[in-house]
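Trainee: I have a chain open on my screen. Please help me put the right words to it.
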Amino acid sequence: MLTGKQKQYLKALASHLPATVQIGKDGLAFSVIDSAEKNITANELIKVKINQNSAEDIRHVAELLADNLGCELVQVIGRNCVLFRQKDDKSHYELPR
């Protein structure tokens with residue numbers, strides 16, 4: 001579980017990241033989950049965007065994706081969400097206490 005200070009730190013870092021996973025009209029398909037899994041394993045912090053042609057609710061999709069990936073939902077803003085899963089060793093991020 002992330003603290004407020006840790007979420008704030010990750011939000012600041014994520015603001016400059018491009019959306020690496022996009023959800024289109026097919027919604028939260030297996031290919032999207034697979035792509036998100038690969039990205040979060042490699043990068044730890046990812047941004048997911050729901051395109052305008054998708055009828056999905058961003059809050060619901062973000063929570064489902066976080067549950068499926070076993071990661072933390074850092075932020076939902078507009079049609080974007082930020083997810084974080086820290087590596088056990090050799091992490092790119094030193095979270096504040």
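Trainee: What makes S3 and strand S4 a pair, and in which sense do they run?

Mentor: Two strands pair if DSSP finds at least two bridges between them. S3 and S4 (residues 80-84) have 5 bridges, so they pair under that rule. The sense is antiparallel. Leu-73 stands opposite Leu-83 in S4.

This is a predicted model: local features need pLDDT of at least 70, side-chain atom pairs count only at pLDDT 80 or more, and totals for chains, interfaces and linings use all residues. Residues are numbered from 1 along each chain as its sequence is written, and side-chain values use heavy atoms, without hydrogens and water.

Trainee: What counts as a helix or a strand here?

Mentor: Both are DSSP runs, numbered from the N terminus: helices are H or I with at least four residues, strands are E with at least two. The chain comes to 3 helices and 4 strands. Along the sequence the pattern is α-β-α-β-α-β-β.

Trainee: Why is the chain called as compact as a globular protein of its length?

Mentor: Set the value against the rule. The globule rule is 2.2 Å times the number of residues to the power 0.38, and the radius of gyration is taken over C-alpha atoms. For 97 residues the rule gives 13 Å; the chain has 13 Å, so the description fits.

Trainee: Which strands are the edge strands of the sheet?

Mentor: The open sheet has the order S1-S2-S4-S3, with mixed pairing. Strand S1 (21-23) and strand S3 (72-77) are the edges, as each pairs on one side only.
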